[in-house]
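Student: I should like to take a close look at a single part of this structure, namely its aromatic rings. Would you please explain how they are arranged and what surrounds them?

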Amino acid sequence: MGEQSSFTHRTTGSIFLYPVSEFFGIPLDQVNFLACQVFAVGAAFWFRLYLSPQHASTVVRHAIATLLGAFFLIFCFGWYSMHIFILVFACYWIMLNASIHNIHRYTMIVAMGYLTICQISRVFIFSYGILSTDFSGPLMIITQKTTTLAFQVHDGIGRKDDELTAEQRRLAVRTRPSLLQYLSYQLNFLSVLVGPCSDYRDYLQFIAGTHIQSRQAESGRRTGGAGWGAEPSPVGAVTHKLGICAICLFLFMTLTKSFPIAYNTDAHFISHASFPMRLIYAFFSIQAARPKFYFAWTLADAINNAAGYGLSGVDANGRASWDLISNLNIWEIETATSFKMFIDNWNIQTGVWLKRVCYDRAPRYRTALTFVLSALWHGVYPGYYFTFLTAIPITLAARAVRKNFRQYFLCSASVKLGYDMLTWLATQLAICYTVMPFLLLAVEPTLSYYSSSLNTLLQEDAPAVPM
């Protein structure tokens with residue numbers, strides 16, 4: 001189950017790897033995506049070793065990163081990649097010509113508007129039988145990058161320093177980027193397919209070769225020391241993350257396909273399975289849906305690290321942390337004891353983007369507006385709105401419960417352990433309830449899932465009537 005059979009060997013991009021798709025029985029769009037990302041790992045190491053700032057100018061590094069990224073887009077998505085290029089150039093025109101006081105607003109409207117138009121077209125073009133990797137993914141990343149940069153340019157040029165928070169001052173961009181700098185930030189091969197979205201200033205420092213020194217100086221200011229000595233090698237971090245990718249790929253090819261999400265709405269299963277059995281299956285099918293996200297985001301992180309980008313600091317024992325732009329924390333997700341803890345560790349950089357462009361700037365209703373923006377960014381499938389609108393009251397309720405009751409369970413380690421186990425179970429069940437529409441996409445299966453669950457529960461709870 002999963003993608004419809006008519007999409008098994010379909011792609012909007014190159015058919016060069018069609019024999020590989022046929023041999024392994026893997027959809028061609030996935031083969032193209034994986035081929036580009038595997039190639040990107042090698043290209044990233046080459047970029048770091050042979051196109052380092054000591055061997056190549058920033059112009060060359062910007063140009064090569066951009067050309068490779070553009071090639072990946074065309075290879076994977078063919079003429080559909082034009083949507084990405086159109087949005088990139090449209091937002092650059094706004095950056096050059098719009099008033100600095102409105103540059104962020106116009107960019108947000110154009111980027112989100114164009115993304116929404118493309119998302120609507122996907123519904124009619126693919127009729128819910130979407131390819132697992134289509135052009136909308138990179139377009140979503142470009143939307144994050146264009147709006148992030150627009151807000152940071154607005155902060156750096158259009159606002160006074162005393163109007164900014166400490167973080168906004170640190171990230172503010174004081175001059176409009178050149179075309180090459182802009183294209184490199186938007187289209188570089190390190191993040192063009194999956195992301196993550198990083199800050200413009202961090203990316204420029206990486207290209208210029210001052211990224212490590214900047215993180216070292218920041219670490220030294222924070223700890224009161226001199227930072228660290230030689231530049232840390234990313235090989236250990238990349239090897240570790242590639243190992244995680246291999247495990248996640250194996251789980252995706254086995255576990256994910258053994259627990260298809262669509263079976264939650266299967267008529268026979270609904271009519272014959274008890275409510276506890278359906279709840280258990282929902283739990284395992286949601287768990288089984290995660291490895292593909294873990295794989296894609298961890299591989300993207302490894303690619304950036306292989307190029308020497310993503311160092312966040314070095315601890316007191318000299319261990320380097322390559323998680324500056326990591327998109328997830330698998331352990332924290334799987335052991336989350338609150339809805340917020342889960343959200344904070346899932347698609348991290350998207351959460352950072354939502355916080356910086358919406359939550360921190362909204363005058364009121366911050367949580368609600370942030371969830372609405374998140375739903376709009378994900379697309380127009382009704383299931384997204386079921387998920388994010390349901391998440392608003394769940395998040396607010398969980399926050400209130402934690403604030404008012406958690407302190408009563410901190411009296412001893414055993415009591416806290418019991419509380420953590422209970423809240424972990426409650427969080428996982430809340431995730432099952434909330435995320436299911438996100439994966440089902442359409443209204444009919446979503447309503448079928450919720451109504452059948454309610455009916456099953458009511459029937460099992462109802463007392464038997466003697467005949």
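Tutor:

**Aromatic pairs and their surroundings**

In this predicted model, a search of the whole structure finds 34 aromatic pairs. One of them is formed by Tyr-185 and Tyr-200, whose ring centres are 5.4 Å apart and whose planes stand at 90°, an edge-to-face arrangement. Tyr-185 belongs to helix 8 (residues 179–187) and Tyr-200 to helix 9 (residues 200–208), so this pair ties together parts that are 15 residues apart in sequence. Both partners can also be described by their exposure. Tyr-185 has a relative accessible area of 1% and is therefore buried, since buried means under 20%. Tyr-200 is likewise buried, with a value of 3%.

A second pair consists of Tyr-203 and Phe-206. Here the ring centres lie 6.0 Å apart and the planes meet at 50°, so the pair is tilted. The reasoning rests on the cut-offs for the angle: planes under 30 degrees apart count as stacked and those over 60 as edge-to-face, so an angle of 50° falls in the remaining class. Tyr-203 and Phe-206 are three residues apart in helix 9, which means that about one helical turn separates them. Tyr-203 is buried, at a relative accessible area of 1%, and Phe-206 also counts as buried, at 4%.

These four residues belong to a wider group. Ring pairs link Tyr-185, Tyr-200, Tyr-203 and Phe-206 into a cluster that also includes Phe-39, Phe-47, Phe-71, Phe-72, Phe-75, Phe-189 and Tyr-309. Some of these positions can be compared with the database record. In an unreviewed entry, UniProt lists residues 31–51 and 63–96 among the spans given as "transmembrane region". In the model, residues 31–51 are 95% helix and 0% strand, with 28 Å between the end C-alpha atoms. For residues 63–96 the helix content is 88%, again with 0% strand, and the end C-alpha atoms lie 21 Å apart.

Charged side chains also meet rings of this cluster. Arg-61 lies over the face of Phe-206, at 5.2 Å from the ring centre. The charged end of Lys-145 sits over the ring of Tyr-185, 5.7 Å from its centre. Tyr-185 thus has a ring partner in Tyr-200 and a charge over its ring, while Phe-206 is paired with Tyr-203 and has Arg-61 over its face.

Aromatic residues occur at the surface as well. Phe-405, Tyr-408 and Phe-409, together with Val-401 and Val-415, make a nonpolar surface patch of about 470 Å². Of these, Val-415 is located in helix 20 (residues 413–440) and counts as partly exposed, at 31% relative accessibility.

Methods
Residues are numbered from 1 along each chain as its sequence is written. This is a predicted model: local features need pLDDT of at least 70, side-chain atom pairs count only at pLDDT 80 or more; totals for chains, interfaces and linings use all residues. Side-chain values use heavy atoms; hydrogens and water are left out. UniProt positions are given in the numbering used here, feature names are shortened, and annotations may be inferred rather than shown by experiment. Helices (H or I, at least four residues) and strands (E, at least two) are DSSP runs, numbered from the N terminus. Rings of Phe, Tyr and Trp (its six-membered ring) pair if their centres lie within 6.5 Å; planes under 30 degrees apart count as stacked, over 60 as edge-to-face and the rest as tilted. Buried means under 20% relative accessible area, exposed over 50%, partly exposed in between (1.4 Å probe, protein chains only). A charge sits over a ring if NZ of Lys or CZ of Arg is within 6 Å of the ring centre and within 35 degrees of the ring normal. Patches are made of residues with over 30% relative accessible area and no salt bridge: like charges are joined within 9 Å, nonpolar side chains (Val, Leu, Ile, Met, Phe, Trp, Tyr) within 5 Å. Accessible areas come from the Shrake-Rupley method with a 1.4 Å probe; for residues, only the protein chains shown count as cover. A salt bridge is a side-chain nitrogen of Lys or Arg within 4 Å of a carboxyl oxygen of Asp or Glu.
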